[in-house]
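This note is for a colleague meeting the structure for the first time. It takes up a metal site and then a sheet, in numbered points.

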Amino acid sequence: MGKEIYKTNEEIELIRESSLLVAKTHGAIAGLVKPGVTTLELDKIAEEYIRDNNAVPAFKGYGGFPNTLCMSPNEEVVHGIPNQKPLKEGDIISVDCGVLKNDFYGDSAYTYTVGEVAEETKQLLKVTKESLYDAIDQARVGNRLGDVSYAVQSKAKEYNYGVVRELVGHGVGRSLHEEPKVPNYGYRGRGIQLKEGLVLAIEPMINMGTQKVRFLRDGWSVVTQDGKPSAHFEHTVAIMKSGPKVLSSFAFIEEELKKNGIEIL
Ligand code: MG
Ligand code: MG
């Protein structure tokens, strides 16, 4: 079977199932993201949770990536490797999770706060999440891909934030990364026309300062050139006749945050 970028309703249902497991995996760690915890501890919990649910962590072994979660604190944009360094008060941490279940992938990322975080950093997280929902709102039959991209960029520009250009969203299905690429910058009315059945991982990566990034020598981590914080939120979204359908969910995360008295941005 080929890598058809337009999915049937049955295929979308399977991607929804995978994306739901991603959402619940986030939920399994959300209440534990606190000062003192290590990203490796959280990674282990996520891996166990995924395997207990008869699925496979999508990132582990992908191009040689060693872990289940990409965990990128503070100035790390994406693709951070979990380690034994405890998170500390005032950190932010982008957690990206993907699973493979029933031959289909799901992919979703959320940036968490660790204890009390600076107001300007909270604003970065809030705006990045808003830019994701602005983009999702443009993921409609008849719109163009550039409309989705532009929505992220224009929200970020309002706050003079840097929009990362080297890394982009993507189609999702039988492969973790399918066509089309979904940049977080672009022009309205440009790019491919969006059709029913397209499933996209839309994932704004927004920097407080410069848009410029640097690739670390570990072969994975991407950091901001100026060392300022970067935020990342991602949903897997299906384009349906009735409108955009978010297949992943932040509900499990935010339920846990609420229970733990952590502010939802
Ligand atoms: Mg992801
Ligand atoms: Mg992705």
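1. A donor is an N, O or S atom within 2.8 Å of the metal (3.2 Å for Na, K and Ca); water is not among the atoms, so sites may look incomplete. The model under discussion is predicted.

2. Two magnesium ions, ligand 1 and ligand 2, lie 3.1 Å apart. D107 coordinates both of these ions.

3. Which residues coordinate the magnesium ion (ligand 1)? The coordination comes from D96, which is listed twice through OD, from D107 (OD) and from E234 (OE). The distances run from 2.0 to 2.5 Å. Along the chain, the donors of ligand 1 follow the spacing D-x10-D-x126-E.

4. The pair D107 and E234 links distant parts of the chain, 127 residues apart. D107 belongs to strand β5 (residues 104–113), while E234 sits in the loop between β13 (230–232) and β14 (235–240). Are these two residues buried or exposed? Both D107 and E234 are buried.

5. The second topic is the sheet. Three strands form an open sheet in the order β3-β12-β11, and their pairing is antiparallel. At its edges are β3 (76–78) and β11 (213–215), each of which pairs on one side only. From one strand to the next, the twist averages 40°.

6. Strands of a sheet pair through backbone hydrogen bonds, in either a parallel or an antiparallel manner. Between β3 and β12 (residues 222–224), which run antiparallel, there are two bridges. V78 has V222 of β12 as its bridge partner.

Technical notes. Residues numbered from 1 in each chain as written. Chains lettered and ligands numbered in written order. Predicted model: local features only at pLDDT ≥ 70, side-chain atom pairs only at ≥ 80, totals over all residues. Heavy atoms only, no water. Pairing = 2+ DSSP bridges. Helix = DSSP H or I, 4+ residues; strand = E, 2+ residues; numbered from the N terminus. Axes fitted to C-alpha atoms, helices over the stretch in contact; angles between N-to-C directions. Buried < 20%, exposed > 50% of the residue type's maximum accessible area, 1.4 Å probe, protein only.
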